[in-house]
Amino acid sequence: MSLKPPSEDAVAKAFSILMASLNKENGREFISGDIRACAALPVPQLVHNVDAVQLAKLSLVRKMDRCVARMQNLRNLASPFHRLPMDVFAIILEGFPVWSPSKETTSIFDLLEINRIWRDTILNLPELWTAFPLDIPPKLAPLVLERAKNLPLTITYFPKLVKKYLEDAVDEVGTMELPPGLLEYALREGNRWKKIDFTLSCGLYEEVEELLEASTPALEVLRVSVKYPSFARTMGPFTLSPGPPLKELQLYRVCTSWNSPRFAGLLKLDLGGTDSGPSVNQLLRILSNSPRLEHLSLESLKPPEYGALSWPSEPILLNHLRTIEVTKSGTKYVSALLSATQFPQSQSVHLWDGSPGCQTSVLDEIIWSVGNAQTAAVLGMNMAERRRLIILLEGNGINIKNQDSQLQKHFDLIICRGDFSNLLPLIEEFLSEWNPIPDVRLEVGKDAPFLSLLPWSSLLRSLRTKGANNCRKALAELAKQSSPPGSEHASWMCPGLLEISLEYDWPDEENRRLDIEPLYFLLNQRWSNTASDVFSALPASFTWKCPLSQFRELWNSQDELRGILPSFRMARLY
């Protein structure tokens, strides 16, 4: 809003009133407000008159500032924010840390300085003071503990990032140090700890291990992660003190005693980053004692090499498990989950089985045995509806995906092997014998071991291949019949195929000529009206992808080819 200033006459009158009051209060005769009269004053009197005018100005400004502050306060009080219930106000502020060493991070202590209302409210909300940071200045620690009343505490620590020169390069490295006396403060309150959340850097392991092994009868959540591991030694192993079971366990680059009775009744289990992970038997024991587990994640975790595997007599039923992620953790954990557990209600599954150097798994025949309900559940096939699977064949891995956008579920199984010759037939037989048979989109990578389409014949609805060699094999396979010609139930290979995509990547001149003839042979044999008595449904899409400079004959003959197969088209690769 645009406002006009008061008139000069009004300002002069206000000035005269102020100076008259100042003269009366001090029994002096300062200028009355007529600025022109100042020119007649002797120089010594000017100094006193300047002080008098400054005093009058200060009094007026102070009065007006108080008036403005009061009006702003009344306006703020009318805001809906100040009419929020105390519990809602606490929820809004609970995301702020109690204290932060960084000026860029707003903390609860910073919010105390906003205004008196906020200060009084925050000081009387004990739930805002339950996070006790181990790097807080010692003089503030008693205030935090006092304001938290008797509520359970969350103990936190995160390293400060500082720039250090490492091998002629500048990098940010976490530094860790505990202020004097903080460890004693924390240990005295061990019976109130409900949650421990530490992100550690190099060093300080002894102090942290002392905290982790202290008596913690109220502890429910344990999160410890080493962000900058020391090459001298790793964190742990530590042993939790006896107490009630935890609800959440999250350890990264940290090892512990995996036989702790407190690792029972877990709702969330997240482990990774260590070569000292639990044995398969220890993991299965934890899962067996945690029937309400909702989330399981194992990342870059290795079990010990010693000890024989011992499977439970009955599969471990995890009805509440919704999310499973196992990546870069070898084949033992995945094999154990697929062979000894059941999680029928899972909604997101991501399993990475083996490593590129792994040749075979002794449990492959068990996992992919016909009718294995657990494997079907991992692939999202344990439903009455016919499912759609995406199978990606690469040089050293098979990735089987089932993405259901309507149900918002995601299933992803990655199998790494150095040799697929024994595994592929098991997978093909498992899928072919499942009822209902899934619809499969097979994607064959350039370096994949693509041999025959016969085992996939009843499954394939989409075929996408890359690389000249695999495309050439696909053309030859699709031109075959899956049963001998003249038999009572003769049919073409992959009779339900709806999409075909062949992607050629710079084949040499000699092989290019070898590819064109098989294409014409396939189109004429399978989809020409006069070449065969065996009917073959027309695919909805047949795409030949290649650089524009390659296969000039085909680019110029698209109309002729579409005369045989209307859905055929050429697509530019680059």
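1. K149 sits in the loop between α6 (141-147) and β2. This is a predicted model, and the backbone of K149 deserves a look in it. The phi of K149 is positive, at about 55°, although K149 is not a glycine.

2. A second residue belongs beside K149. R253 is not a glycine either, yet R253 has a positive phi of about 60°. Look for R253 in the loop between β8 (248-252) and β9 (254-256).

3. Now a peptide bond. Which form does the bond from N435 to P436 take, cis or trans? The bond is cis, with omega near 0°. P436 lies in the loop that runs between α13 (423-433) and β19 (439-444).

4. Next, the largest pocket. The space in the largest pocket comes to about 730 Å³. Its lining counts 30 residues, and those closest to the centre are F96, P97, V98, T156 and F158. Four elements can be named here: α3 (86-93), β1 (131-133), β2 (153-157) and β3 (160-166) each give two or more residues to the lining. The strand β2 is also the one that follows the loop holding K149.

5. Which element gives the most to the lining of the largest pocket? It is α3, with four residues. By class, the lining of the largest pocket splits into 17 nonpolar, seven polar and six charged residues.

6. The helix α3 also packs against another helix. Its partner is α5 (residues 116-123), and the two axes lie 11 Å apart at an angle of about 95°. Roughly perpendicular is therefore the right description of α3 against α5, since angles of 65 to 115 degrees count as such. From α3, the contact takes M86, F89 and L93; from α5, it takes W118, T121 and I122. Five of the contact residues are nonpolar, one is polar and none is charged.

7. A second helix pair is worth comparing on screen. Helix α9 (residues 280-288) packs on helix α10 (residues 330-340) at an angle of about 45°, with 10 Å between the axes. Why is α9 called oblique to α10? The angle of about 45° falls outside the ranges for the other classes: under 35 degrees is roughly parallel, over 145 roughly antiparallel, and 65 to 115 roughly perpendicular, so the pair counts as oblique. The crossing of α9 and α10 is right-handed.

8. The residues at that crossing can be listed. On the α9 side they are V280, L283, L284 and L287; on the α10 side they are K332, Y333, A336, L337 and A340. By class, eight of the residues in the contact of α9 with α10 are nonpolar, none is polar and one is charged. The charged one is K332 of α10, as lysine counts as charged.

9. Last, a strand residue with partners elsewhere in the sequence. E503 belongs to strand β21 (residues 499-503). How far apart are E503 and G467 in sequence and in space? They are 36 residues apart in sequence, and 6.2 Å apart from C-alpha to C-alpha. Leaving out residues up to four places away in sequence, E503 touches T465, K466, G467, C471, K545 and L573. G467 thus appears both in the C-alpha distance and among the contacts of E503.

Definitions and conventions:
Residues are numbered from 1 along each chain as its sequence is written. This is a predicted model: local features need pLDDT of at least 70, side-chain atom pairs count only at pLDDT 80 or more; totals for chains, interfaces and linings use all residues. Side-chain values use heavy atoms; hydrogens and water are left out. Axes are lines fitted to C-alpha atoms, for helices over the stretch in contact, and angles run from 0 to 180 degrees between N-to-C directions. A crossing is left-handed if the near helix is turned anticlockwise from the far one by less than a right angle, and right-handed if clockwise. Contact means heavy atoms within 4.5 Å. On a 1 Å grid over the protein atoms alone, a cavity is a set of points where a 1.4 Å probe fits but cannot get out, and a pocket is an open set with protein on both sides within 12 Å along at least five of seven lines; lining residues have an atom within 4 Å of a point. Grid points are joined across faces, edges and corners, and a volume is the space filled by probe spheres set on the points.
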